[in-house]
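Subject: Structure handover

Dear colleague,

I am handing over the structure below, and I would be glad if you could look through it before reading on. My notes on what was found follow directly after it.

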Amino acid sequence: MTKKKIILCAAAAVAAISALIIFSPLIGKGSRENDIVQLEDSEILEYQGENLTSLSTFRDNSIKGPQKTDIKDYNLIIDGLVEKKLSLSYRDVLKYEKYLKTITLHCVEGWKAKILWEGVLLADLLEKAGVKKEGDLIIFHALDSYTSSLSLDYILDNNILLAYKMNGLPLTPETGFPFQVAAEDKWGYKWVKWVTRIEVSDDRDFKGYWEKAGYNQNGDLSGSKFAE
Ligand SMILES: Nc1nc2c(c(=O)[nH]1)N[C@H]1C(S)=C(S)[C@@H](COP(=O)(O)O)O[C@H]1N2
Ligand SMILES: [Mo]
């Protein structure tokens, strides 16, 4: 190589590195979906022609109020009647394939909210742990010691999500961060927020917080609210 060529090469390298440094803040900002770059702080209020309920209209109705999860220490436990107990960090869970669904949450108190949910399939997590054949009820435990349950068949047949985003925004201490069950076609009390543990059980008689107080075990929106 001639001296002139070496200088040219060095100049090109300096230019390339400078370009990388200058443009690096633009790389990885927002998530790219269908070529629309969505910045993290903008709420999605319309999806596929449907108007969504703004999170700004939300009030928290939970038994103990908003819950602060320290994500550094957080692990989602999947245990009970499984082949392999799992302990997953927030990032571990987000590595599973993601799904989007618009679903309306109906509370027994009369309010409802149409939300775009983003999350992972509970079926994928349960498959990874390996549900033993006696396991047929899934019990969700939460940071505020709230509990509720769903049948395994319902979860598998309806592609039920463990959600981490609402209307494109990560869940918050008010809305269930890090995870809320998006229990489509079930009353709000089945939509456990701040999930810490997913327990596979065969105890069909297990009653969660509101079920113990008399609400229906299956929680179907189409059925009656109260246990007969
Ligand atoms: N951990 C926990 N999850 C919970 C509750 C609760 O008190 N604690 N309340 C339930 C009820 S009754 C409803 S209607 C929904 C409301 O969820 P949202 O406030 O995020 O809309 O959360 C459900 N999940
Ligand atoms: Mo509710």
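To begin with a contact between two loops, the side chain of threonine 69 reaches the backbone oxygen of phenylalanine 177 at a distance of 3.4 Å. Please keep in mind throughout that this is a predicted model, and that every value quoted here was computed from it.

Threonine 69 itself is found in the loop that runs between strand S4 (50-51) and strand S5 (76-80). Its relative accessible area is 19%, and because the limit for calling a residue buried is under 20%, threonine 69 counts as buried.

On the other side of that contact, phenylalanine 177 is joined to proline 178 by a cis peptide bond, whose omega is about 5°. Proline 178 belongs to the loop between strand S12 (169-170) and strand S13 (180-182), so that when you look for the cis bond, this loop is the place to go.

Two further residues deserve a look for their backbone angles. Asparagine 167, although it is not a glycine, has a positive phi of about 45°, and its place is in the loop between strand S11 (161-166) and S12. Asparagine 167 is buried, its relative accessible area being 0%. Tryptophan 194, likewise a residue other than glycine, has a positive phi, in this case near 50°; it is placed in the loop between S13 and strand S14 (195-201). With a relative accessible area of 2%, tryptophan 194 is also buried.

The remaining notes concern ligand 1, which sits in the largest pocket. There are 16 residues around ligand 1, and those that come nearest are Phe58, Ile63, Asp144, Trp191 and Lys193. Sorted by class, the shell is made up of 11 nonpolar, three polar and two charged residues.

Which atoms of the protein lie 2.8 Å from an oxygen atom of ligand 1? One is a backbone N or O atom of isoleucine 63, and another is a polar side-chain atom of lysine 193. In the case of aspartate 144, an N or O atom of the side chain is 2.8 Å from a nitrogen atom of ligand 1. Taken alone, ligand 1 exposes 530 Å², and the protein buries 97% of that area.

With kind regards

Key:
Residues numbered from 1 in each chain as written. Chains lettered and ligands numbered in written order. Predicted model: local features only at pLDDT ≥ 70, side-chain atom pairs only at ≥ 80, totals over all residues. Heavy atoms only, no water. Near = heavy atom within 4 Å. Polar contact = N/O pair within 3.5 Å; in protein donor to acceptor, adjacent residues only side chain to side chain. Areas by Shrake-Rupley, 256 points an atom, 1.4 Å probe, with all protein chains shown as cover. 1 Å grid on protein atoms, 1.4 Å probe; cavity = no way out; pocket = protein on both sides within 12 Å on 5 of 7 lines; lining within 4 Å. Sits in = over half its atoms within 2 Å of the grid points. Nonpolar A, V, L, I, M, F, W, Y, C, P; charged D, E, K, R; others polar. Helix = DSSP H or I, 4+ residues; strand = E, 2+ residues; numbered from the N terminus. Buried < 20%, exposed > 50% of the residue type's maximum accessible area, 1.4 Å probe, protein only.
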